[in-house]
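Please find below my notes on the model, set out as numbered points. They deal mainly with the helices and how they pack.

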Amino acid sequence: MSIPSILSLVRDRLADPNKQRWSDDRLLRLLDSAQKDFARQTECFKGTFSMPLYANKAVYTLPADCWRIMRAHFYDVNLPLYSYEHMDSLDTNWYTRTGPEVKAVVFDKRNETEIRFYPIMDESVLDNVYTFENETDVDYAGGDLGVVTAIDDFTFNSPYGAVTELFSVDIQHDEMNTAYGVVTDIAEANSNVEIIYIRDPKTITSVTDTLEIGARWEQAMENYVVGNCFIDDLDTQYQARGATALQLYDRELKVAKTAFARDSTRSTQYQTNYNGGF
């Protein structure tokens with residue numbers, strides 16, 4: 001069912017077909033909240049992320065849609081998930097330790113957008129390191145006459161000011177365009193931690209967006225939106241109707257939790273009769 005269809009059903013129950021009391025923007029915000037609440041409580045959406053490791057880097061940022069990390073593995077080895085408190089109980093200086101391989105993922109309960117790996121990867125994680133070095137100076141005329149604006153076989157693309165020195169290596173063409181400053185070296189690393197996590201659905205901001213929740217659970221979305229709309233009103237009867245709609249949402253949510261705990265399969269599919277030998 002499309003989002004406009006759901007909003008139309010919601011307005012029928014709210015007796016607000018002409019959008020006089022609840023705007024589309026309000027209903028869309030509630031629908032987005034409904035989908036996120038449903039997804040977080042049932043943990044129905046999974047995401048995977050391959051996080052590259054860097055030498056001497058301590059803190060890593062999780063994907064924006066990450067709600068909870070389920071597990072992580074490094075070279076097919078599952079990593080334990082530890083809190084800062086647990087790590088402090090093992091080693092008060094754990095956050096300074098370095099090593100050649102990851103042994104644990106450490107999360108901060110106060111900041112769930114970032115994680116640490118224990119120990120911090122040392123430089124053994126680097127496969128190749130390329131350093132830019134100068135062989136010889138480039139001879140050019142006019143250095144004492146002002147700013148050099150052009151040199152044959154070199155391209156000047158710099159938003160950072162005047163070029164004062166230029167060097168050449170034995171290659172036919174060398175051009176560097178970077179928004180980060182002077183490039184001094186490049187390193188290649190091929191080590192990653194694979195993270196499996198519970199993810200949030202995409203934010204709903206428009207009637208042209210698409211619900212990620214399956215059609216089976218759209219009634220739950222409708223009950224959530226209707227219930228919160230009625231609770232917006234201070235009228236006692238509306239408050240009671242809102243509470244009833246949210247009870248219906250909770251009932252749907254309970255069914256969904258049971259279904260997703262079995263990956264939406266029937267338990268009878270796993271029942272087997274066993275007859276012993278005696």
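How many helices and strands are there in the protein chain?

1. The protein chain has 5 helices and 14 strands. Helices (H or I, at least four residues) and strands (E, at least two) are DSSP runs, numbered from the N terminus. This is a predicted model, in which local features need pLDDT of at least 70 and side-chain atom pairs count only at pLDDT 80 or more, while totals for chains, interfaces and linings use all residues. Residues are numbered from 1 along each chain as its sequence is written, and side-chain values use heavy atoms, with hydrogens and water left out.

2. Of the 278 residues in the protein chain, 31% are buried (under 20% relative accessible area, 1.4 Å probe, protein chains only). Among contacts (heavy atoms within 4.5 Å) with a separation of 6 or more, 69% are between residues 24 or more positions apart.

3. Helix H4 covers residues 218–232. Its 15 residues reach 21 Å from first C-alpha to last, close to the 21 Å expected (1.5 Å times one less than the number of residues). H4 is largely enclosed by the rest of the structure, because 12 of its 15 residues are buried. The buried residues include Glu218, Met221, Glu222, Asn223 and Asn228. They pack against helix H1 (3–14), helix H2 (24–42) and helix H5 (236–261).

4. H2 and H4 pack at about 125 degrees with axes 9 Å apart; axes are lines fitted to C-alpha atoms, for helices over the stretch in contact, and angles run from 0 to 180 degrees between N-to-C directions. That makes H2 oblique to H4, since oblique is what remains after under 35 degrees (roughly parallel), over 145 (roughly antiparallel) and 65 to 115 (roughly perpendicular). Residues that meet here include Leu27, Leu31 and Phe38 in H2, and Met221, Tyr224 and Cys229 in H4.

5. The largest nonpolar core (buried Ala, Val, Leu, Ile, Met, Phe, Trp, Tyr and Cys residues joined through side-chain atoms within 4.5 Å) has 31 residues. Leu14, Leu27, Leu31, Phe38 and Met221 have the most contacts inside it. H1, H2, H4 and H5 each supply at least two residues of this core. Apart from it lies another core of 17 residues, among them Tyr60, Cys66, Phe74 and Ile195.

6. Leaving aside neighbours within four places in sequence, Leu14 is in contact with Trp22, Leu27, Val226, Cys229 and Phe230.

7. H5 has 26 residues, which should span 38 Å at 1.5 Å a residue, and its end C-alpha atoms are 37 Å apart, which agrees. Its buried residues include Gly242, Tyr249 and Leu253. What covers the buried residues of H5 includes H1, H2 and H4.

Technical notes. Buried means under 20% relative accessible area, exposed over 50%, partly exposed in between (1.4 Å probe, protein chains only).
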